Amino acid sequence: MNPEPPTPGTDPGTDLGSRAQGLAARKAARYARRPVLAAALAAPLAALGAGTSAAAAPAAPPATAPGRGKPTIVLVHGAFADASGWGAVIQRLQRRGCTTIAPANPLRGLASDADYLRTFLSSLTGPIVLVGHSYGGAVITNAATGNPNVKALVYAAAYGLDQGESVDAANHLGGGSSDVVANLVLRPFPGSGTQNADAYVDPAQFRRIFAGDLPEKQVAVMAATQRPGVLSSLVEPSGVPAWKSIPSSYVVATRDGLIPVPAQFAMAERMKAKVTKVRSSHVVMMSHPDEVTAVICDAAGR
């Protein structure tokens, strides 16, 4: 069952704090045999309510009128990665004559990341096909809401959250489970105090969780250069999802070690997405760029 949206009149910060405390308690119990990790995770998560706000309401639609020409493809990366992960897909899209942009995702929290992307999209004219990988799916879910230029959404092993739902909660959809939280390395950033942290996937577990079907040397570089996601984004609730009003496609990575496969199917089913299954690790756009490109082109009508 999906979490209910925050009740009107309640303090969203308190709601987020209770979610964080519940996550901390559950993870600490599950990984009690790893006391150092459990303690490191519990402290910042338990205090999130004091320093993190809930997802912002959607902004007004862009001023630009929807266009009728070829769509611009906007590719949004997730946590523990950067836009270069879309490189092989971008090459294929460009060969097909598609205008393609892969902006940097700030990875500073769901509401602020969605605001950033929403503002970026407002600078574009004409139709848009918006594509998200991993946590990038949660960002496009929020950023596209109310934007009439966004004609299609594509989720590539990505989080298609419902209103009030968090990334952590979505991992349990369909009876799924993920051990990614147990394998995070937490580091402070300026101003994080004890309330938050930057989260990295443990390099020793990176290949198993993130990129099991890529060459070991390539994965070693990816693990060393990964961009962290702010820890609070795990429990920050989503706003109104764009997939309720925009046609969606979903690429399910059936060997994913980060987003449980049952959760991917559950998210795809509730958004009534057109589903493509690929025998792939979490980085499906890197290990199977032809399949992902085909789904994007189908969504774009190319």
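**Entry 1: V76 and strand 1**

I started with V76 in this predicted model. Is V76 buried or exposed? Its relative accessibility is 3%, so I put V76 down as buried.

I then looked up where V76 sits, and found it in strand 1. What surrounds V76, once neighbours within four places in sequence are set aside? I listed W86, N105, L117, L130, V131, G132, H133, G136 and I140 as its contacts. For one of these, L117, I also noted the spacing: V76 and L117 are 41 residues apart in sequence, and their C-alpha atoms are 8.8 Å apart in space.

Next I took strand 1 as a whole. I counted 5 of its 5 residues as buried, so the strand is largely enclosed by the rest of the structure. I checked which way the residues point. T72, V74 and V76 point one way, I73 and L75 point the other way, and all are buried. I set a general remark beside this: side chains in a regular strand alternate between the two faces of the sheet.

Which strands pair with strand 1? I found strand 3 (residues 128–134), paired in the parallel sense over 5 bridges. There, V76 stands opposite G132. I also found strand 2 (residues 100–101), again parallel, over 2 bridges. In that pairing V74 stands opposite I101.

**Entry 2: H282**

I moved on to H282. Where does H282 lie? I placed it in the loop between strand 9 (274–278) and helix 10 (284–287). Its relative accessibility is 0%, so I recorded H282 as buried.

I looked for polar contacts of its side chain. I found one with the side chain of S134, at 2.8 Å. I found another with the side chain of D256, also given as 2.8 Å. Leaving out residues up to four places away in sequence, I noted that H282 touches H133, S134, A157, I209, F210, D256, L258 and I259. H133 also appears in my list for V76, and F210 comes up again in the next entry.

**Entry 3: aromatic rings**

How many aromatic pairs does the whole structure hold? My search gave 3. I describe such a pair by the distance of the ring centres and the angle of the planes.

I took F80 and F210 to begin with. Their centres are 6.4 Å apart and their planes are at 80°, and I wrote the pair down as edge-to-face. Why does this pair tie together distant parts of the sequence? F80 lies in the loop between strand 1 (72–76) and helix 3 (87–95), while F210 lies in helix 7 (residues 203–210), so the pair joins parts that are 130 residues apart. I found both F80 and F210 buried.

For Y155 and Y250, I read 6.1 Å between the ring centres and 10° between the planes, so I called this pair stacked. It also links distant parts of the chain: Y155 is in strand 4 (residues 150–158) and Y250 in strand 8 (residues 248–253), 95 residues apart. I noted 0% relative accessibility for Y155, which counts as buried, and 0% for Y250, which is buried too.

I also recorded one aromatic cluster, formed by F80, F206 and F210.

Then I looked for charges over rings. The charged end of R108 sits over the ring of F189, 5.3 Å from its centre. R187 lies over the face of Y200, at 4.9 Å from the ring centre.

**Entry 4: the sheet of strands 5, 6 and 7**

In what order do these 3 strands run in their sheet? I noted 5-6-7, an open sheet with antiparallel pairing. The edge strands are strand 5 (184–187) and strand 7 (229–230), each pairing on one side only. Strand 6 (residues 198–201) pairs with strand 7 in the antiparallel sense over 2 bridges. I found A199 opposite G229 of strand 7.

**Entry 5: cysteines**

How many disulfides does the structure hold? I found 0. I asked why C98 is not bonded to C297. The sulfur of C297 is the closest cysteine sulfur to that of C98, but it is 4.7 Å away, too far for a bond. The cut-off I used is 2.5 Å. I recorded C98 as buried, with a relative accessible area of 5%. C297 is buried as well, with a relative accessible area of 2%.

Methods. Residues are numbered from 1 along each chain as its sequence is written. This is a predicted model: local features need pLDDT of at least 70, side-chain atom pairs count only at pLDDT 80 or more; totals for chains, interfaces and linings use all residues. Side-chain values use heavy atoms; hydrogens and water are left out. Rings of Phe, Tyr and Trp (its six-membered ring) pair if their centres lie within 6.5 Å; planes under 30 degrees apart count as stacked, over 60 as edge-to-face and the rest as tilted. Helices (H or I, at least four residues) and strands (E, at least two) are DSSP runs, numbered from the N terminus. Buried means under 20% relative accessible area, exposed over 50%, partly exposed in between (1.4 Å probe, protein chains only). A charge sits over a ring if NZ of Lys or CZ of Arg is within 6 Å of the ring centre and within 35 degrees of the ring normal. Two strands pair if DSSP finds at least two bridges between them. A polar contact is a pair of N or O atoms within 3.5 Å; within protein, one must be able to donate a hydrogen and the other to accept it, and residues adjacent in sequence count only if both atoms are side-chain atoms. Contact means heavy atoms within 4.5 Å.
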